[in-house]
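User: I have a model open and want the reasoning behind its labels. Let's go through them one by one.

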Amino acid sequence: MKRFKTVRSGYLYIFGGTALLSGISLAAVYSLAALLYSRYTAASAVYWVRSLRWLINHIGRIPLAVLMFTAVFTVIFLLRSQKISDDLKSLLQASEELSTFGSFRELKVVSGGELGQLAGHLHKINRPEKAADQGPCAYNLKNSADPVLGNEALMALTLRTRTLMRLLNEASTGKGEQIQILQVEAAKREAMGMERFMENLMVRS
């Protein structure tokens with residue numbers, strides 16, 4: 001029985017039910033309009049009678065019935081398919097939180113079948129007690145397989161960065177052309193040193 005509870009069969013059920021409800025609604029409206037229209041003469045000046053006569057004369061009964069059926073079908077289909085749409089949004093949000101934080105807070109899926117099974121699988125792999133409380137950055141640092149740089153390496157990298165920024169600032173504010181050339185050359189050498197420093201860190205990691 002579970003193999004029939006799929007997303008495709010769900011939409012097929014919604015489509016068939018919507019078409020049936022739209023047909024019944026259209027038939028009821030047509031019967032009511034015909035009953036009311038039969039109580040008035042052809043020269044009646046009632047507003048809705050004149051409007052109905054104008055629609056029939058300018059649009060036609062069949063095109064008018066098709067337009068009414070399409071409008072009613074669209075409204076009912078959107079209302080009936082809202083449940084599946086909400087379930088898909090919940091699954092998308094839960095999977096996004098799971099990939100970012102390692103867990104998700106809440107997942108409610110009303111539909112059965114494939115969507116219900118997917119929600120069950122996500123609940124099985126959800127581990128809220130192992131997720132970091134400080135947000136996605138802390139979780140990524142804690143669970144990342146890449147090694148974290150030591151304090152000495154970070155301090156050296158910070159000092160080199162400050163030195164490079166100071167040289168570039170002096171070169172941009174220097175008055176003499178010769179001084180600017182010397183500052184730019186020094187900045188280039190510092191940048192090359194930083195590049196070698198980063199390569200050594202990558203090799204050691």
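User: Which residues is I14 in contact with, leaving aside its neighbours within four places in sequence?

Analyst: This is a predicted model. Contact requires heavy atoms within 4.5 Å. By that cut-off, I14 is in contact with F77, R80, S81 and I84.

User: What makes I14 part of a nonpolar core?

Analyst: A core member must be buried, of a listed nonpolar type, and joined through side-chain atoms within 4.5 Å. I14 is among the buried residues of α1. It belongs to the largest nonpolar core, which has 10 residues in all. The others are I84, L91, A94, L98, F104, L107, L115, A119 and L122.

User: Which elements give two or more residues to this core?

Analyst: They are α4 and α5, the latter spanning residues 113–125. α4 gives the most, with 4 residues. As a general point, nonpolar side chains tend to be buried together in soluble globular proteins.

User: Why are G10, G17, T18 and S22 called buried?

Analyst: The label needs under 20% relative accessible area. These four are buried in α1, as is I14, so each falls under that cut-off.

User: What covers the buried residues of α1?

Analyst: The cover includes α3 (61–80) and α4 (82–101).

User: How do you know that the span of helix α1 agrees with its number of residues?

Analyst: Helix α1 runs over residues 7–37, which is 31 residues. The expected span is 1.5 Å times one less than that number. That gives 45 Å, and the end C-alpha atoms are 44 Å apart, so the two agree.

User: How many helices and strands does the protein chain have?

Analyst: There are 8 helices and 0 strands. Along the sequence the pattern reads α-α-α-α-α-α-α-α.

User: How much of the protein chain is buried?

Analyst: Buried residues make up 23% of the 205 residues. The chain exposes about 15,600 Å², and carbon and sulfur atoms supply 63% of that area.

User: What share of contacts join residues at least 24 apart?

Analyst: The share is 60%, counted among contacts between residues at least 6 apart in sequence.

User: What makes a residue part of the lining of the largest pocket?

Analyst: A lining residue has an atom within 4 Å of a pocket point. For the largest pocket, 14 residues qualify. Y30, A33, L52, I56 and L64 lie nearest its centre. The space in this pocket is about 390 Å³.

User: Which elements each supply at least two residues of that lining?

Analyst: They are α1, α2 (47–58) and α3. α1 gives the most, with 6 residues.

Notes
Residues numbered from 1 in each chain as written. Predicted model: local features only at pLDDT ≥ 70, side-chain atom pairs only at ≥ 80, totals over all residues. Heavy atoms only, no water. Buried < 20%, exposed > 50% of the residue type's maximum accessible area, 1.4 Å probe, protein only. Areas by Shrake-Rupley, 256 points an atom, 1.4 Å probe, with all protein chains shown as cover. 1 Å grid on protein atoms, 1.4 Å probe; cavity = no way out; pocket = protein on both sides within 12 Å on 5 of 7 lines; lining within 4 Å. Points joined across faces, edges and corners; volume = space filled by probe spheres on them.
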